[in-house]
Amino acid sequence: MPFIPHTDDEIDEMLSVIGIDSIENLFDEIPVHLKIKGLEKVPTGLNEMSVNRLMQQRAAQDGQPLCFIGAGSYDHHIPAAVWQITTRGEYYTAYTPYQPEASQGTLQLTYEFQSMMTALTGMDVSNASLYDGATAMAEAVLMAVRSNRKSKSRKILVPRSVNPTYTHVTKTMVKHQNIELVDIEIDSATSKTSMDALNAFSGDDITAVVISQPNFFGTLEDVDAITTWAHENNILVIAVINPLSLAVLKPPGIWGGTGADIAVGDGQPLGAPMSSGGPYYGIMTCKKAFVRQMPGRIVGRTVDQEGREGFVLTLQAREQHIRRSKATSNICTNQGLVVTASTIHMSLLGPEGLKQTALSCHANTQALVEKLSAIDGVEVVFDQPRFHEAVIKVNTSAADVLARLAEKNILGGLDLSELYPEMKDCILVCATELRIAEDIETFAAALSTVMAEALK
Amino acid sequence: MSEIPTDLRYTKSHEWVRLEEDGTVTVGITDHAQEALGDLVFVEPPEVGTDLAQGDACCVVESVKAASDIYMPINGEIVDTNPALTDEPEIINNSAYDDGWIFKIKPSDEDDIEQLMDASSYESEIEDE
């Protein structure tokens with residue numbers, strides 16, 4: 001559908017029909033002191049040639065470093081066909097349709113996406129996606145508060161092993177809603193959520209607990225034990241997962257036998273480039289019992305009057321265009337285009353391809369850990385079962401080491417001390433399937449040189 | 001014209017209220033309300049044992065068109081909810097005043113019911129809408 005703007009004449013005609021002088025008058029219910037007077041800081045437009053030049057200059061600043069940073073955004077291979085197909089005219093929109101029943105193809109794609117998500121997570125239902133992993137966790141917290149009617153406390157236990165940026169975003173979103181996020185310590189030897197710290201809350205009124213699998217340090221949490229403990233104490237379980245890892249790990253739907261109640265994550269590892277932090281998309285799945293508290297859109301499959309299969313937006317009564325201020329969420333749209341790419345990505349890889357990718361990530365990370373820990377002055381901190389990230393500690397300044405590696409065009413990992421002051425000189429490293437033996441060799445050789453220089 | 005039994009009391013938000021012999025008060029939505037909502041698909045009942053004040057939103061009924069709150073008609077404690085509605089919310093469409101009751105209250109003060117509208121006031125209320 002082409003975009004057809006209104007002409008000045010048309011605008012004048014419409015204004016005269018409703019009897020006002022200017023478009024501004026339509027907004028006169030907004031108090032004057034809340035209105036922005038002007039947008040002086042927004043520069044005037046540039047022509048296409050100038051924008052191209054500017055963008056090329058900025059892109060050149062990024063360079064093509066060898067990336068060993070994960071921490072929530074992962075450098076994976078994306079088959080060329082994925083975005084070639086995604087950008088076809090038939091798919092090329094960011095929106096879930098406003099006239100859904102006329103957009104059967106888009107609805108079917110979303111339905112397939114939801115089916116893939118429930119297959120990966122082992123959960124009953126999936127929505128059509130959310131904004132990203134961090135906001136999906138925040139929405140899961142809000143959803144848990146609505147769903148756990150036995151709990152009055154609005155207290156959510158959040159282990160420090162959950163991605164700290166997710167926790168930060170969640171805090172921002174829930175802090176004015178009388179919801180308390182309670183930090184749970186991690187075991188300093190393993191990086192896993194401390195069972196002792198959780199047990200201290202046994203018998204208390206707690207609304208939900210968040211479990212990250214793998215956790216921020218790449219370590220596998222004792223998800224079965226935590227889920228069982230939570231359900232014994234009438235606490236809902238919010239799983240934060242990496243969808244790729246679920247090709248090889250136990251799905252949250254069966255954790256501890258009773259399964260997580262809500263499972264969320266970031267879809268970036270499934271077909272979205274790292275791209276300076278976005279756009280990504282959020283995954284949200286849950287048990288059927290909680291579906292009416294789930295935010296966002298849900299596509300369902302049904303039959304029409306003549307028995308022909310068709311797709312619809314279902315359970316819309318809980319959405320904001322009907323329920324207004326009492327809607328389950330103010331989520332307005334999802335990340336339709338990235339989800340389209342992701343669905344195509346998963347279709348091309350298939351279950352076996354996803355599994356091979358996940359196993360390659362794991363094997364490369366194990367090889368990386370082995371190589372790096374053989375270097376003088378470098379040790380592995382949490383030597384635990386892991387997925388595709390690990391923490392190493394250097395016996396000199398981590399910031400200095402990383403800066404020197406960057407000079408050699410290697411992104412050597414994330415300095416953890418900013419997020420975890422107690423983890424001085426600890427670096428979170430990641431090797432995906434793209435970081436093959438040759439890359440690991442390059443990294444190890446460079447780190448070896450850097451360490452020798454630093455220890456001189 | 002929708003049915004408005006004369007032995008019940010009513011609220012502006014379209015709940016009906018019946019004082020039972022055991023002193024509890026049964027609450028549902030009126031025939032007029034179920035007609036306006038259309039086919040009901042889900043009822044989210046209140047939690048038994050909670051104390052609520054008159055006017056509190058305590059329950060949600062969802063139809064194919066809308067999801068609407070049900071409000072506490074008087075102060076009291078929720079003592080029972082209609083288990084049949086979990087699987088067959090359409091009972092409310094078929095029998096708004098009998099099988100389609102939604103919850104029972106133990107009122108803080110039985111006399112509060114006297115403040116609610118009788119059938120003829122409710123009838124003129126919905127005529128004004």
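**Exercise 1. Contacts and build of chain B**

Among contacts in chain B between residues at least 6 apart in sequence, what percentage join residues at least 24 apart? Then work out how the chain is built and whether its radius of gyration agrees or disagrees with that of a compact globule.

*Solution.*
Step 1: Take the chain B contacts whose partners are at least 6 apart in sequence; 65% of them link residues at least 24 apart. Keep in mind that this is a predicted model.
Step 2: Look at the elements. Chain B contains 3 helices and 9 strands, and along the sequence they come in the order β-β-β-α-β-β-β-β-β-α-β-α.
Step 3: Turn to the dimensions. Along the principal axes, the C-alpha atoms of chain B occupy a box of roughly 35 × 35 × 25 Å.
Step 4: Compare with the globule rule. For 129 residues a compact globule would have a radius of gyration near 14 Å, and chain B has 13 Å, so the value agrees.
Step 5: Finish with burial: 38% of the 129 residues in chain B are buried.

**Exercise 2. Two domains and a neighbouring chain**

Into which domains is chain A divided, and how many residues does each domain bring to the contact between them?

*Solution.*
Step 1: Find the bounds. Domain 1 of chain A covers 80-344, and domain 2 covers 350-455.
Step 2: Their C-alpha centres are 29 Å apart.
Step 3: Count the contact: 13 residues come from domain 1 of chain A and 16 residues from domain 2 of chain A. On the domain 1 side, these are 7 nonpolar, 6 polar and no charged residues.
Step 4: Now try the contact between chain A and chain B, where each chain supplies 6 residues. The chain A side has 2 nonpolar, no polar and 4 charged residues.

**Exercise 3. Two residues of chain A**

Are A:Val158 and A:Ile331 buried or exposed? And what do they touch?

*Solution.*
Step 1: Place A:Val158 in strand β3 (residues 155-159) of chain A.
Step 2: Apply the cut-off of 20 or more other C-beta atoms within 10 Å. A:Val158 has 26 such neighbours and therefore counts as buried.
Step 3: List partners, leaving out residues up to four places away in sequence: A:Val158 touches, among others, A:Thr167, A:Leu181 and A:Val210. Another partner is A:Asp183; A:Val158 and A:Asp183 are 25 residues apart in sequence, with 5.2 Å between their C-alpha atoms.
Step 4: Repeat for A:Ile331, in the loop between α9 (320-323) and α10 (336-373) of chain A. A:Ile331 has 21 C-beta neighbours inside 10 Å, so A:Ile331 is buried.
Step 5: With the same sequence neighbours left out, A:Ile331 touches A:Leu130, A:Pro295 and A:Gly296. The C-alpha atoms of A:Ile331 and A:Pro295 are 7.0 Å apart, across 36 residues of chain.

**Exercise 4. The nonpolar cores**

How many residues does the largest nonpolar core have, and which residues have the most contacts inside it?

*Solution.*
Step 1: The largest nonpolar core has 111 residues, and A:Ile238 and A:Ile427 have the most contacts inside it.
Step 2: Ask where these residues come from. α10(A) gives the largest share, 12 residues, and each of domain 1 (80-344) and domain 2 (350-455) of chain A adds at least three.
Step 3: Follow A:Ile427 to its partners, which include A:Val391, A:Ala398, A:Leu402 and A:Leu414.
Step 4: Look apart from this core for another, which has 28 residues, among them B:Leu8, B:Val25, B:Ile74 and B:Phe103.
Step 5: As background, nonpolar side chains tend to be buried together in soluble globular proteins.

Key: Residues numbered from 1 in each chain as written. Chains lettered and ligands numbered in written order. Predicted model: local features only at pLDDT ≥ 70, side-chain atom pairs only at ≥ 80, totals over all residues. Helix = DSSP H or I, 4+ residues; strand = E, 2+ residues; numbered from the N terminus. Buried ≥ 20, exposed ≤ 12 C-beta atoms within 10 Å, placed from the backbone. Contact = placed C-beta atoms within 7 Å. Nonpolar A, V, L, I, M, F, W, Y, C, P; charged D, E, K, R; others polar. Rg over C-alpha atoms; globule rule 2.2 N^0.38 Å. Domains from an automatic or database assignment. Core = buried A, V, L, I, M, F, W, Y, C linked by C-beta atoms within 7 Å.
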